[in-house]
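Me: I should like to learn how to read a structure of this kind, one feature at a time. May we begin with the ligand?

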Amino acid sequence: MFGKKTNQDNATADAAAVTGASGLSGDNKIGEWLDHPQGGPVLRAMLAEAGQDASALRPVRRMSMKRLIPMSKGQFTEGKIAELVAKADSFDPATAAPEADTASAAEAVSTEPEFDLPEWQEKVTGGRFAGKTLIITGAGSGIGRATASRVAREGGRVIAVDMSETGLNEFVAEHADEDIVPVVGNITVEEDIAAIVAAAGDTVDGLANIAGIMDNMTPLHEVTDAVWERVMAVNVTGTFKLSRAVLPLMLAAHAGSIVNITSEAGLRGSAAGLAYTASKHAVVGMTKSSAFMYGPQGVRVNAVAPGPTITGIEANFDSALGGARIQQAMAAMPTPVGPEELAASISFLLSDDATNINGVILPSDGGWSAV
Ligand SMILES: NC(=O)c1ccc[n+]([C@@H]2O[C@H](COP(=O)([O-])OP(=O)(O)OC[C@H]3O[C@@H](n4cnc5c(N)ncnc54)[C@H](O)[C@@H]3O)[C@@H](O)[C@H]2O)c1
């Protein structure tokens, strides 16, 4: 998912540096590219080659082109940006079809405001996790990988857990200078949980339970045993068992921070199918019960509820009823963000900066839960 360098800034620096005669580069927002007389047609032609149109980019209009690199799982590269810049430079708008002909109907219906917001930039707090050991699950992809990266770059020793060996290997390769102990393991398997705790050693200062899976948007009467069991096993039982294995170390030290990942679907009934919604509500319950029980002993337990985030998570719509109902509720969904925005919220709760925060379910969703 990430480029070849050690972090997002490095991974995208080369592409951003290529600014052509058109004035476009990887630093320009997707929306600026689409609205540009040379960049727009060139970008639409590239999408058309892939069987898509610009409506596919509507959720990321406000992101810079270079941010697509880490999100694209290798499909979009620095070289691709350089190629687009070169094509835009040599494109003559006089020879192009009128924009109205090339823009799709879906694109034309936009709820984007007229003004432009500045793009968020990650700012690393040097040494925030120095001397600390943190277990982070789901470190092979998406929110888990971005959080593991942030914590490692802020000086923490990271026990990076994922069942995907490929994802973990990529993560480790990108962080050669950081203190990372990869553990390929499945949080639903007892021996793997034991291996994770053993890899951490005698002290665990933080645990981020980020590994999780979606369901297939089925309402109760359509949920199969297989979907129910798979989703509950990872999102609930895995989170519970790993936390149970880690807590004695934190209680012995009278210190520790656990951050669980719930979802918009842990706050209401309209964001996913029955199994995922029930699992993420269970995560909220585990968080509150544990915060209440262990707060006096110095262990904080909080949760983050992400809004739409561009990651590798897979969600199928296998139910006509589920699809229709959920799509209605998605009308107020905000623009999706990158996983780094979620890592910022999660790493805050993991850190000592959140010393007085316990039992909180923190929506990190651009305000979606306020609708
Ligand atoms: N992406 C979103 O929009 C979104 C929104 C709300 C909540 N979330 C939650 O955020 C968390 C992270 O999801 P993501 O979007 O980054 O997804 P992702 O698929 O990109 O990453 C999840 C990672 O967890 C790993 N994993 C899955 N099951 C595992 C298991 N049993 N043991 C070990 N590792 C396992 C996967 O291999 C993967 O690398 C999940 O709990 C998800 O429910 C995501």
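Me: How do the residues of the shell around the ligand divide into nonpolar, polar and charged?

Reply: A note on the source comes before the count. This is a predicted model, in which local features need pLDDT of at least 70 and side-chain atom pairs count only at pLDDT 80 or more, while totals for chains, interfaces and linings use all residues. Residues are numbered from 1 along each chain as its sequence is written, and side-chain values use heavy atoms, with hydrogens and water left out. A residue is near the ligand if one of its heavy atoms lies within 4 Å of it. Ala, Val, Leu, Ile, Met, Phe, Trp, Tyr, Cys and Pro count as nonpolar, Asp, Glu, Lys and Arg as charged, and the others, Gly among them, as polar. Here the shell holds eleven nonpolar, 14 polar and two charged residues.

Me: Which polar atoms lie close to an oxygen atom of the ligand?

Reply: A polar contact is a pair of N or O atoms within 3.5 Å. A polar side-chain atom of serine 141 lies 2.6 Å from a ligand oxygen. For isoleucine 143 a polar backbone atom is 2.8 Å from an oxygen of the ligand, and for isoleucine 210 a backbone N or O atom is at 3.0 Å. By the Shrake-Rupley method with a 1.4 Å probe, the protein covers 90% of the 830 Å² of accessible area that the ligand has on its own.

Me: What span should helix α11 have, and where is its kink centred?

Reply: Helices are DSSP runs (H or I, at least four residues), numbered from the N terminus. The expected span is 1.5 Å times one less than the number of residues. The 29 residues of α11 (225-253) should therefore span 42 Å, and the end C-alpha atoms, 41 Å apart, agree with this. The bend at a residue is the angle between axes fitted to the seven residues ending there and the seven starting there; α11 has a kink of about 40°, centred on alanine 233. Histidine 254, which follows α11, has a positive phi, near 55°.

Notes. Helix = DSSP H or I, 4+ residues; strand = E, 2+ residues; numbered from the N terminus. Polar contact = N/O pair within 3.5 Å; in protein donor to acceptor, adjacent residues only side chain to side chain.
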